[in-house]
Amino acid sequence: MKFLHTSDWHLGRTLHGADLSDAFTLWCDHVVELARTRDLDAVLIAGDVFDRGIPPVTMVRLLSETLQRLSQYTTVVLTPGNHDAPTRLGFTAGLLKDRVVIVPDPRKAGEPIDIIRGGELVGQVYALPYLEPDIDRVRLAEDPDEPLARSHEAVVKAAMDLVREDIVAHCDVAVPRIVMAHEFVVGGEPSDSERDLHIGGVDSVPSAVFDVRVGGNSMIDYVALGHLHGPQQVNEEPLMRYAGSPIAFSFSEEHHHKSSAIVTIDAPGDTPDVELIPAPIYRPLATIRGTFDELLSDKYSAYQDHFVRIYVTDTDRPPRMVARLRLHFPHLLEVQHDVEFHQLSSRDVTRAGTNPLDVLNEFFTSAGGRELHDEERALIASQWESLAKGEE
């Protein structure tokens, strides 16, 4: 079985207010091209296909067109993530063709999706949508009057119990088995752009929950994870990977190597072969730091086509700082005036005789990291005299 593992498309998201529509279109074209040229049996989208429950119409249209194009070449399996609205995303699930499968209901986790190549069964996918503890602790409980524990681990374990039951009942079916899930698995490295999953103080799921064994043999060949935006492996047996988001959605992802994974499993029990495919880069991110003159010099001209975050280190705030920087960096997203302040204790400031003006001058000089200008000293003196005279 050969499939493409993706997740966290977040169609409709912006980056510090910047429109990413062209980036999403570029990504969708990239996935379709992989399906067309790499002879894939399936494309898996492990949650958060949209960025919110009610996505923009343009993004709904983009997904619809992309799924239609993909279905010409391969089977697509899609599950909702914590950003998606499962009911809305899955309202057409019962009407779709065999080559596009949406699984919004965790009670269907034990019903495998058969992956067919040339009329033969080559693999099975068990698709778990994002599980909401407050809802699914009741839906997945054997007795609704006795709900499961209010945790991600409890509800994911209940869904995997459905998977385990089906595998035990059909363990004679000798094909690779894949599990899809959208959760925070212990050992994963988060970034700043994922939505917090904390519920009842517990947001993570142990990797052991996904390990189904029969006669001591692991029956799951690969776990295709979604939720964390950095591509990464979190377990070896069974092999568990996060595909990561295809686009950077925060500056904490500036150094991520965005990718998707083409996974090939020749036979059940074989070690999966994982080929990382770099995602197309619409516009790179960069964080730069320097004085205002340095930033406007040729030293940083290579970043004019980047999404940039800038730290200006001048002691005094340059006039019209943001407007002037934006002329030089048209894709500027964030600016901070980053002045180095000195942390003082009461012992760091010595009283200069009994003159309050000397004390104020010493404080401003120590806290600001430089000597005060004559004009600044005169202003302090003027304000102090006004206060001393009781003037407003």
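Two strands pair if DSSP finds at least two bridges between them. Helices (H or I, at least four residues) and strands (E, at least two) are DSSP runs, numbered from the N terminus.

The model is predicted: local features need pLDDT of at least 70, side-chain atom pairs count only at pLDDT 80 or more, and totals for chains, interfaces and linings use all residues. Residues are numbered from 1 along each chain as its sequence is written, and side-chain values use heavy atoms, with hydrogens and water left out.

**View 1. Three parallel strands form an open sheet.** The strand order is 19-20-21. Strand 19 (285–290) and strand 21 (332–337) are the edges. Each has a single partner strand, so one side of each lacks a neighbour in the sheet. Neighbouring strands here are turned by 15 degrees against each other on average, direction ignored. Axes are lines fitted to C-alpha atoms, for helices over the stretch in contact, and angles run from 0 to 180 degrees between N-to-C directions.

**View 2. Strand 20 pairs with strand 19 and with strand 21.** Strand 20 covers residues 307–312. It is joined to strand 19 by 6 bridges, and the two run parallel. Arg 289 stands opposite Tyr 311 of strand 20. Thr 287 has Arg 309 of strand 20 as its bridge partner. Strand 20 and strand 21 are parallel too, joined by 5 bridges. There, Ile 310 stands opposite Val 335 of strand 21.

**View 3. Strand 20 is covered on both faces.** In a regular strand the side chains alternate between the two faces of the sheet. Phe 307, Arg 309 and Tyr 311 lie on one side, Val 308, Ile 310 and Val 312 on the other, and all are buried. Buried means under 20% relative accessible area, exposed over 50%, and partly exposed in between (1.4 Å probe, protein chains only). With 6 of its 6 residues buried, strand 20 is largely enclosed by the rest of the structure.

**View 4. Helix 7 links two strands in a β-α-β unit.** Strand 20, helix 7 and strand 21 make this unit, which is right-handed. That is, with the strands pointing away from the viewer, the path from the first strand over the helix to the second runs clockwise. Helix 7 (residues 321–328) lies across strand 20 and strand 21. It runs at about 140 degrees to strand 21.

**View 5. The largest nonpolar core has 38 residues.** A nonpolar core is a set of buried Ala, Val, Leu, Ile, Met, Phe, Trp, Tyr and Cys residues joined through side-chain atoms within 4.5 Å. Trp 9, Leu 11, Leu 20, Phe 24, Val 49 and Leu 63 touch the most other members. Helix 1 (21–37) and helix 2 (57–70) are among the elements that each supply at least two residues. The largest share, 8 residues, comes from helix 1. Domain 1 (2–278) and domain 2 (285–337) both give residues to this core, so it lies between them.

**View 6. A mixed open sheet holds 6 strands.** Their order is 7-8-9-14-16-15. Strand 7 (113–117) and strand 15 (232–235) stand at the edges. Neighbouring strands are turned by 25 degrees against each other on average, direction ignored. Strand 7 runs antiparallel to strand 8 (residues 120–127), with 5 bridges joining them. In strand 8, Glu 120 is the bridge partner of Arg 117.

Technical notes:
Contact means heavy atoms within 4.5 Å. Domain bounds come from an automatic or database domain assignment.
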